[in-house]
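Here is a short briefing on one protein chain. Look over the sequence and the fold, then read on.

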Amino acid sequence: WQADDVFGTATLLDVLGARDDLSTQTKCILMENGIKDLPFNENVLAELPRAPFRIPDRELSKRKDMRDVALFTVDPDTAKDMDDAVHWRRLPEGRMEMGVHIADVTYFVKPGTALDKEASERCTSTYLASEAVPMLPSVLSEDLCSLTANTDHLAVSVIWTLDNDLNIVDE
């Protein structure tokens, strides 16, 4: 305001709600941290695969088939997006195999697309006690890129072979 003004002026942009309301507090936390909590726009949604989605045979032929391996998620029970998993199994001659698997969102999110730009702006999914703010639309984060049981999914994996002393003998 001007130096000789007694009172400043302001424009009210938004009313968030009652200060003791959980929803209001959640909005404040998101705003204070620059977390975008808006619905995905039509340009982003238009780039999503149409249901029912099936992984093309051509794509499956490029990848190692891990469907016979028991994977265990490392996400909590409350998570909607099971995007991380591990496996451990015994191999012949006393060796062991350990794998870390991350849902492959790059199959669906192509560089330079509206979906890519939106995900880059959001940067990560944000988890609060009362809600989650997703980085990707739910069809990806909770379905196609969620490593759920008894459903085929694409993943990026790192697999190690270990000896009896847990030394890495093959990567």
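The largest pocket is lined by 24 residues, and those nearest its centre are Met66, Arg67, Leu71, His153 and Ala155. This is a predicted model. Salt bridges, a nonpolar surface patch and a few single residues make up the rest of the briefing.

**Largest pocket**

- The volume of the largest pocket is about 690 Å³.
- Two elements, β1 (72–73) and β6, give two or more residues each to the lining of the largest pocket.
- β6 provides the largest share of that lining, with 3 residues.
- Arg67, one of the residues nearest the pocket centre, also forms a salt bridge with Asp65.
- In that salt bridge, the closest N and O atoms of Asp65 and Arg67 are 2.8 Å apart.
- Asp65 has 46% relative accessibility, so it counts as partly exposed.

**Salt bridges around helix α4**

- The structure holds 10 salt bridges.
- Among them is the pair Glu118 and Lys36, whose side chains meet at 3.2 Å, N to O.
- This pair links distant parts of the chain, 82 residues apart.
- Glu118 sits in helix α4 (residues 114–122), while Lys36 sits in the loop between α1 (22–32) and α2 (42–46).
- Glu118 also meets Arg122 in a salt bridge, at 2.7 Å from N to O.
- Why are Arg122 and Glu118 separated by about one helical turn? They are 4 residues apart in helix α4, and that spacing gives about one helical turn.
- A network of salt bridges links Lys36, Glu118, Glu121 and Arg122.

**Burial within the network**

- Is Glu118 buried or exposed? Glu118 has 6% relative accessibility and therefore counts as buried, since buried means under 20%.
- Arg122 is also buried, because its relative accessibility is 9%.
- Lys36 is partly exposed, with a relative accessible area of 30%.
- The salt bridge between Glu118 and Lys36 thus joins a buried residue to a partly exposed one.

**Nonpolar surface patch**

- Which residues form the nonpolar patch on the surface? They are Phe72, Val74, Val86, Val100, Ile102, Val156 and Val158.
- Together these residues have about 540 Å² of accessible area.
- Strands β3 (96–103) and β6 (155–162) each supply at least two residues of the patch.
- β6 therefore serves both topics: it contributes to the patch and gives the largest share of the pocket lining.
- Val158, a patch member, lies in strand β6.
- Val158 counts as partly exposed because its relative accessibility is 40%, which falls between the cut-offs of 20% and 50%.

**Helix α3 and the loop after it**

- Glu59 is found in helix α3 (residues 57–60).
- Glu59 counts as buried, because its relative accessibility is 12%.
- Which residues does Glu59 touch, not counting residues up to four places away in sequence? Glu59 touches Tyr107 and Leu154.
- Lys62 has its place in the loop between α3 and β1.
- Lys62 counts as exposed, because its relative accessibility is 56% and the cut-off for exposed is over 50%.
- The C-alpha atoms of Lys62 and Met96 are separated by 25 Å.
- Along the chain, Lys62 and Met96 are 34 residues apart.

Notes
Residues numbered from 1 in each chain as written. Predicted model: local features only at pLDDT ≥ 70, side-chain atom pairs only at ≥ 80, totals over all residues. Heavy atoms only, no water. Patch = residues over 30% accessible without salt bridge, like charges linked within 9 Å, V, L, I, M, F, W, Y side chains within 5 Å. Areas by Shrake-Rupley, 256 points an atom, 1.4 Å probe, with all protein chains shown as cover. Salt bridge = Lys/Arg side-chain N within 4 Å of Asp/Glu carboxyl O. Buried < 20%, exposed > 50% of the residue type's maximum accessible area, 1.4 Å probe, protein only. Contact = heavy atoms within 4.5 Å. 1 Å grid on protein atoms, 1.4 Å probe; cavity = no way out; pocket = protein on both sides within 12 Å on 5 of 7 lines; lining within 4 Å. Points joined across faces, edges and corners; volume = space filled by probe spheres on them.
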